[in-house]
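Q: Hi! Could you walk me through this one? I'd like the overall picture before we get to single residues.

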Amino acid sequence: MDEGKIRDWAMLSSKLQELAHTYDPSGTVQAMDVFYAIPLLSVGRDKDVWLKQHLMRWKEHSKSVRFHDVPGSHHTMMAEENVFALHKILRAALNERGML
């Protein structure tokens with residue numbers, strides 16, 4: 001990567017982190033499935049605390065929210081060692097919603 005591409009990547013990364021901290025959801029949807037893993041260190045260290053203090057707030061935006069604990073962390077949930085388990089959890093969630 002040249003200097004310009006590195007600068008662009010750094011800016012994108014920074015803006016994504018900013019979005020994660022400033023996003024304020026509004027409105028409602030009929031149903032929602034939330035898949036969660038060990039969070040990024042910048043937002044928390046404990047998966048259960050992350051779920052209870054942050055992710056449970058999605059209930060304010062849907063009549064039917066299901067939370068799915070997936071293996072790994074934010075960065076590794078789709079890694080080779082976790083992707084098969086994630087696939088099974090995702091397929092089960094889709095099946096429960098009648099989408100498969």
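A: Happy to. This is a predicted model. To start with the contacts: among those between residues at least 6 apart in sequence, 60% join residues at least 24 apart.

Q: What pattern does the protein chain follow along the sequence?

A: Reading along the sequence gives α-β-α-β-α. That comes to three helices and two strands.

Q: And what's the radius of gyration of the protein chain?

A: The chain has 16 Å, whereas a compact globule of 100 residues would have a radius near 13 Å. If you want dimensions as well, the C-alpha atoms fill a box of roughly 50 × 35 × 25 Å along the principal axes.

Q: What share of the residues is buried?

A: Buried residues make up 20% of the 100 in the chain. As for the surface, the chain exposes about 7,800 Å², and carbon and sulfur atoms supply 56% of that area.

Q: Let's switch to pockets. What volume does the largest pocket have?

A: Its volume is about 980 Å³. There are 27 lining residues, and those closest to the centre of the pocket are Ala20, Val43, Trp50, Leu55 and Trp58.

Q: Which elements give two or more residues to that lining?

A: Those are α1, residues 3-22, and β1, residues 29-38. The largest share comes from α1, with seven residues.

Q: How do the lining residues divide into nonpolar, polar and charged?

A: The lining of the largest pocket has 18 nonpolar residues, six polar ones and three charged ones.

Q: OK, on to single residues. Where is the place of His68?

A: You'll find His68 in strand β2, which covers residues 62-73.

Q: Is His68 buried or exposed, and why?

A: His68 counts as buried because its relative accessibility is 11%, and the cut-off for buried is under 20%.

Q: Which residues does His68 touch, leaving out those up to four places away in sequence?

A: With those left out, His68 touches Asp33, Val34, Phe35, Tyr36, Ile89 and Ala93. Of the elements we've met, β1 spans residues 29-38, while α3 spans 80-96.

Q: What about Pro71, where does that one lie?

A: Pro71 lies in strand β2 too. At 27% relative accessibility, Pro71 counts as partly exposed.

Q: And which residues does Pro71 touch, again without those up to four places away in sequence?

A: Pro71 touches Ala37, Met77, Asn82, Ala85 and Ile89. Ile89 is also one of the residues that His68 touches.

Q: How far apart in space are Pro71 and Val83?

A: They are 8.6 Å apart, C-alpha to C-alpha, with their positions 12 residues apart in sequence.

Q: Let's move to the loops. Where is Thr76 found?

A: Thr76 is in the loop between β2 and α3. Thr76 is partly exposed, with a relative accessible area of 27%.

Q: What does Thr76 touch, with the same sequence neighbours left out?

A: Not counting residues up to four places away, Thr76 touches Glu81 and Asn82. Asn82 appears among the residues that Pro71 touches as well.

Q: How far in space is Thr76 from Met11?

A: Their C-alpha atoms are 23 Å apart, and the two are 65 residues apart in sequence.

Q: Which loop holds His54?

A: His54 lies in the loop between α2, residues 47-53, and β2. Its relative accessibility is 35%, so His54 counts as partly exposed.

Q: What separates the C-alpha atoms of His54 and Gly44?

A: A distance of 9.8 Å, for two residues that are 10 apart along the chain.

Q: Last one: is Thr22 buried or exposed, and why?

A: Thr22 counts as exposed because its relative accessibility is 54%, and the cut-off for exposed is over 50%. Thr22 lies in helix α1. From Thr22 to Ile38 is 20 Å in space, C-alpha to C-alpha, and 16 residues in sequence.

Methods: Residues are numbered from 1 along each chain as its sequence is written. This is a predicted model: local features need pLDDT of at least 70, side-chain atom pairs count only at pLDDT 80 or more; totals for chains, interfaces and linings use all residues. Side-chain values use heavy atoms; hydrogens and water are left out. On a 1 Å grid over the protein atoms alone, a cavity is a set of points where a 1.4 Å probe fits but cannot get out, and a pocket is an open set with protein on both sides within 12 Å along at least five of seven lines; lining residues have an atom within 4 Å of a point. Grid points are joined across faces, edges and corners, and a volume is the space filled by probe spheres set on the points. Helices (H or I, at least four residues) and strands (E, at least two) are DSSP runs, numbered from the N terminus. Ala, Val, Leu, Ile, Met, Phe, Trp, Tyr, Cys and Pro count as nonpolar, Asp, Glu, Lys and Arg as charged, and the others, Gly among them, as polar. The radius of gyration is taken over C-alpha atoms; the globule rule is 2.2 Å times the number of residues to the power 0.38. Buried means under 20% relative accessible area, exposed over 50%, partly exposed in between (1.4 Å probe, protein chains only). Contact means heavy atoms within 4.5 Å. Accessible areas come from the Shrake-Rupley method with a 1.4 Å probe; for residues, only the protein chains shown count as cover.
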